[in-house]
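Please work through the exercises below with the coordinates open beside you. Each task is followed by a solution that proceeds step by step.

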Amino acid sequence: MEGDADARSIWRKSRFIPATSFLVGIRCKGDFGLRGGGMTLPDVNRLFPTDARCRELLTRLRWPEGVMCPRCKDTRVSVLKDYGRFECVACEYQFTATAGTIFHDSHLPLTKWFLAVLLLVEAKKGMSAKQLQRTLGMGYKTAWYLCHRIRKAMAGAHKPMLDGTVEMDETYIGGKNRGRGPESRLDNKEIVIGIRQRGGELRFFHAEDAKSGTLAKYVKENISQDVEVIVTDDFQAYPFAFKRAGQAQSKHKKVNHSAKEYVRDEDGFCVTTNTVESAFSLLKRGIIGSWHKISAKHLQAYLAEMEFRFNRRKRSDLFIDTLRHMITADPLTFEKLTA
Ligand SMILES: [Zn+2]
């Protein structure tokens, strides 16, 4: 492999890897898919045909400033003959790029991980473990495990506070009855809260209930105090929720859904929650189309996946960005998965 030869020659020149070589490597190498359009399946096959090649990218993503010993944080690291292994000069600890990460205890080749990541990030409405199993030719348990690990990494992404104009709404997933209705009809439904900044990011949450205290928590954690306008429907819990979250009532605009009003012009400002509702409809199509049956236990992880993909839908480095989250995610967050 040409890339491998490049990488080795950098390492051969000096026993110790200069910190900048990795940074330069990431910025200059267009063949890592960091410039131009998005990554396709043929691209992944061409660029990452071997585990060594995958490992090389993961090394760069995990330590953009240069390889660092996971044990003592020393950056004087030598490359062992056995490809993919490093040894710390200070404490002599030997490790690989995937040591102590979510890739570590997996017997699955990295090339399959890479394909799975691509399939998951490119499927707008999501992909079931069953589909992944068929497409990649692996056992169901492995596919399921893979899906959940990728989702968990997505859930750990940094989330800036929303400002400008923000729309907030809630929807119900599962069960047979539609609409809000009396509580007795909602027993078997799960509540999803959606918050979306116009022209900005989306947040989805699996909520325990739609009481003002619960809504206030999501407002506090996701909507900036500098927000200009918050639009909701006329659901009565919102005014209390905003008050509890310290948001001025004057910023709150309501579209009167009970009176079948969906869009209202107010001095040139569009009072509507259509922006967040369009995200809800994508979510529901995903659930119907690819998940079939969602267990309440895993709904939050699925919402995080939808949210991650939605917020990055215009980015051409979605694939690389997802891998970056995976290689830098705390593996401890994955322990509870099978519990
Ligand atoms: Zn060390």
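The exercises go from the chain as a whole to its sheets, its helices and single residues.

**Exercise 1. Describe the chain in general terms.**

Begin with the nature of the coordinates: this is a predicted model. The secondary structure of the protein chain comprises 12 helices and 10 strands. Turning next to burial, 31% of the 339 residues of the protein chain count as buried. Finally, consider the contacts between residues at least 6 apart in sequence, of which 62% join residues at least 24 apart.

**Exercise 2. Work out the order and the pairing sense of the open sheet that contains β1, β2 and β3.**

Strands of a sheet pair through backbone hydrogen bonds, either parallel or antiparallel. Here the three strands lie in the order β1-β2-β3, and their pairing is antiparallel. The edge strands are β1 (77-79) and β3 (94-96), each of which pairs on one side only. Neighbouring strands of this sheet are turned against each other by 35° on average when direction is ignored.

The next step is to find the register. β1 pairs with β2 over three bridges in the antiparallel sense, and in this pairing Val79 stands opposite Phe86 of β2. Three bridges also join β2 (residues 85-88) to β3, where Phe86 stands opposite Phe95 and Arg85 has Thr96 as its bridge partner.

**Exercise 3. Decide which side chains of β2 are buried and which are not.**

In a regular strand the side chains alternate between the two faces of the sheet. Along β2 this alternation puts Phe86 and Cys88 on one face, where they are buried, whereas Arg85 and Glu87 point to the other face and are not buried.

**Exercise 4. Examine the backbone of Glu92 and Asp267, each of which has a positive phi.**

Most residues other than glycine have a negative phi, and most peptide bonds are trans. Glu92 has a positive phi of about 65° although it is not a glycine. This residue belongs to the turn of a hairpin formed by β2 and β3, which has five residues between the two strands. Because Glu92 has 11 other C-beta atoms within 10 Å, and 12 or fewer count as exposed, Glu92 is exposed.

Asp267 can be treated in the same steps. Its phi is near 50°, again a positive value in a residue other than glycine, and it is found in the loop between β9 (263-266) and β10 (269-272). With 4 C-beta neighbours inside 10 Å, Asp267 counts as exposed.

**Exercise 5. Establish which strands pair with β7, and whether β7 is enclosed or open.**

On one hand, three bridges join β4 (residues 165-173) to β7, and these two strands run parallel; within this pairing, Val229 in β7 is the bridge partner of Thr165. On the other hand, β7 and β8 (residues 252-255) pair over four bridges, likewise in the parallel sense, and Thr232 stands opposite Lys254 in β8. For the question of enclosure, four of the five residues of β7 (residues 229-233) are buried, so this strand is largely enclosed by the rest of the structure.

**Exercise 6. Classify the packing of α5 against α6.**

The geometry comes first: the axes of α5 (residues 110-122) and α6 (residues 129-136) come within 11 Å and cross at roughly 130°. Since that angle lies between the 115 degrees that bounds roughly perpendicular and the 145 degrees above which helices count as roughly antiparallel, α5 and α6 are oblique to each other. The crossing in which α5 passes α6 is right-handed.

The residues that make the contact come next. Lys112, Leu115, Ala116 and Leu119 in α5 meet Leu132, Thr135 and Leu136 in α6. Sorted by class, this contact has five nonpolar residues, one polar and one charged.

**Exercise 7. Determine the surroundings of Leu120: is this residue buried or exposed?**

Leu120 is found in helix α5. Because 22 other C-beta atoms lie within 10 Å, and 20 or more are required, Leu120 is buried. Leaving aside its neighbours within four places in sequence, Leu120 is in contact with Met127, Cys147 and Ile150. As a last step, take the pair Leu120 and Cys147, whose C-alpha atoms are 7.8 Å apart in space while the residues are 27 apart in sequence.

Notes:
Residues are numbered from 1 along each chain as its sequence is written. This is a predicted model: local features need pLDDT of at least 70, side-chain atom pairs count only at pLDDT 80 or more; totals for chains, interfaces and linings use all residues. Axes are lines fitted to C-alpha atoms, for helices over the stretch in contact, and angles run from 0 to 180 degrees between N-to-C directions. Angles under 35 degrees count as roughly parallel, over 145 as roughly antiparallel, 65 to 115 as roughly perpendicular and the rest as oblique. A crossing is left-handed if the near helix is turned anticlockwise from the far one by less than a right angle, and right-handed if clockwise. Two residues are in contact if their C-beta atoms, placed from the backbone, lie within 7 Å. Ala, Val, Leu, Ile, Met, Phe, Trp, Tyr, Cys and Pro count as nonpolar, Asp, Glu, Lys and Arg as charged, and the others, Gly among them, as polar. Two strands pair if DSSP finds at least two bridges between them.
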